[in-house]
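Work through the exercises below with the model open. Each task is followed by its solution.

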Amino acid sequence: MDKHAASALAALGTLFALSTATLAEDKTPIKIGVLEDQSGDFALATIGKVHGIQLATKEINAKGGIDGRPIKLVIYDTQSDNRRYQEFMRRVLQRDKVDVVFAGFSSASREAYRPIVDQFKGLAFYNNQYEGGVCDANMIVTGAVPEQQFSTLLPYMMKKFGKKVYTIAADYNFGQISAEWVRDIVKENGGQMVGEEFIPLGVSQFSQTIQNIQKAKPDFVVTLLVGTAQSSYYEQALSANLKLPMASSVNVGQGYEHKRFKAPSLANMYVTTNWIEEVDNPKSKDLVKRWHAMFPDEPYINQEAENSYDAVYLYKEMVERAGSTNHDAIRKVIAKGDVCLDAPEGKVCIDPKSQHMSHTIYLAKVNEDHSISFPKIWQDVKPYWLGQVGCDLTKSNPEAQYTPSQNPKKDGK
Amino acid sequence: MDFLSGLFAFLYQTGDAFAFLVLSACGLAVIFGMMGVINLAHGEFILCGAYVSTTAAHLGLPLPFSILLGGLVAGLVGMLLERVVIRRLYARPLDTIVVTWGISMIATQGTLILLGPSMQSTGTPFGSFMVGGYGYSIYRLVLMAAAVATLALLWVIFTRTRFGVLARATIQVPHIAEALGVDTSLIYMLTFGLGAALAGLAGGLYAPTMTLVPTMGATFVIEAFVTVVVGGADIFLGTAPAAAILAVVKAGLTSWQGQLAGQIGLLVAVVLVIRVLPRGLTGFILRERA
């Protein structure tokens, strides 16, 4: 058989496959790639994300799948290692040919895999709170962003405790950009940064940092510490009698430090989170119950676990309304601006301009005995910032990440 | 008064860094510095000590005994590993890197699978005290004392006991020691076990101040290797002065420019020392003596 005949046959084959797909009801599984850290420094916060995806998948498949097609998960352990993300992202997109990928905890790993998603025109859900600013049509972000977490948290803290603020943050893109947000919001509200320190990932000894904070005498400390090594800070701060109020966008809601450390090392910590297992409403209680039925040993269900759970249902909604897993069709559905879900946290919707998600933001306060109370709840907080600075994915796709100091509005474009 | 409280702050921070470096490095100084085994599973002996001592403390054993128990169990695990794996590789130093790295990964992941992603800490005992407006942790002073006591204990073991003499003889000239009737394979096992026990002790001592997770050993390893490499082969002529110098570098830079500068300072110090003193401080001090 010569080459032409072979390619003609192949074309015919493809045509045949396409026609059967449209004619008969398609029962082939929808493949979701899952790249999350199930080992290494971040595993503690991310194993629950995988469980959330598995739980939602089981529930959806039990009710007939997405548009009659079952979901099949392709799960890889990215080992808290950015290179693994790149390796496995290529593998799920090229070899496993998944329809969508749910990937990533740290912002460093997201920025490591994002160019690969863009290169192969994949579609990735990033189900994690982060420093904000990703304007990329190939990404859908279900995690909370600074205008949802800091614009609520910091004015509350400054009103309650005072205007002098000290930030300690993990030293990589997440910590640096989040600290920039803190700086800007503190300034806008007439406060003052009395100190800022960036801690390399993996550092576990904070004696000198604690003293630097005592020297600066802030009214409260913003802790943007990431990874299990850095969470040694709280215990060490308490034992040095540093009992300042703390504010955070990542602690408790991610690393459930209030469960891991002996009270009262996290007392007086205030966190803005879009969900944690303590949230007291019927939908949340029900989720926790179903979760523990499937994963009886789950130590804690954090906000990223709920985001991941919600993301599967959101994807189901998008595919069913688009009538296919085709990315352009899905984006057309998102562009309508009414892709929403009644999630355990409350109603959430995808914003078409940024493809980020609106959230209910809970202010969680850690009490003396490490129980959680919610002094304030903000309903339906929208991810407005990217739209304001000129990101509109319905019109153009810059595949970029913007920051408060670097964005189209600032650059005057 | 301001000067005095500043001086106290500096001494405390330097002492704190010194304690961390000495306790992290002691076990490695025995296993890597003396025996020449590049032990990448050092952090997992620390993990073992931390988990055992915390479990014992949760079960109601008083903290000092829990910490010693952590060291003891890590030592026994070390001896077992030496007997089963490490002893076959004394002549193949490069292979030990791969093997101990493998052991480290198995231990970390095994702990994650068997015991979950974290263990609840016991909390730091003793509370705090104030000097010149700054609060300090009392337990950190205990750690400093423990570092000094460990060095003293090692000095006694290696210079004043029969085991110490035999261990040094076995490691320096094994065939002569053997000809004189020393059971060198037993000595190797005990020495390796001692190194592992010291690592476990470090884990037990730091467990109340840290987050207990399967990867916690990794946060000690860089500091441990840096100290041992700067120090060279001898614990007393090398590790201890190296820890003292590095502690001043680290505490000074961290107080001046933050944690990042402290970390960079440590690594720059290693690069400089390796360039100028390839045999570490030990080699430098011994040459001066000779």
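**Exercise 1.** Check the length of helix α2 (residues 42-58) of chain B against its expected span.

Solution. Helices are DSSP runs of H or I of at least four residues, and strands are runs of E of at least two, numbered from the N terminus. The expected span is 1.5 Å times one less than the number of residues. For the 17 residues of this helix that gives 24 Å; the end C-alpha atoms lie 25 Å apart, which agrees.

The model is predicted: local features need pLDDT of at least 70, side-chain atom pairs count only at pLDDT 80 or more, and totals for chains, interfaces and linings use all residues. Residues are numbered from 1 along each chain as its sequence is written.

**Exercise 2.** Is α2(B) largely enclosed or not?

Solution. Count a residue as buried when its relative accessible area is under 20% (1.4 Å probe, protein chains only). Of the 17 residues, 13 are buried, so α2(B) is largely enclosed by the rest of the structure. After α2(B) comes B:Gly60, with a positive phi near 105 degrees.

**Exercise 3.** Describe the interface of chain A and chain B.

Solution. Start with contacts (heavy atoms within 4.5 Å): 39 residues of chain A meet 38 residues of chain B. Next, take the buried area, the accessible area (1.4 Å probe) lost on putting two parts together, summed over both. The two chains bury about 3000 Å², 52% of it on carbon and sulfur atoms. Finally, look for salt bridges (a side-chain nitrogen of Lys or Arg within 4 Å of a carboxyl oxygen of Asp or Glu); the rule finds zero across this interface.

Key:
Chains are lettered from A and ligands numbered from 1 in the order in which they are written. Side-chain values use heavy atoms; hydrogens and water are left out. Buried means under 20% relative accessible area, exposed over 50%, partly exposed in between (1.4 Å probe, protein chains only).
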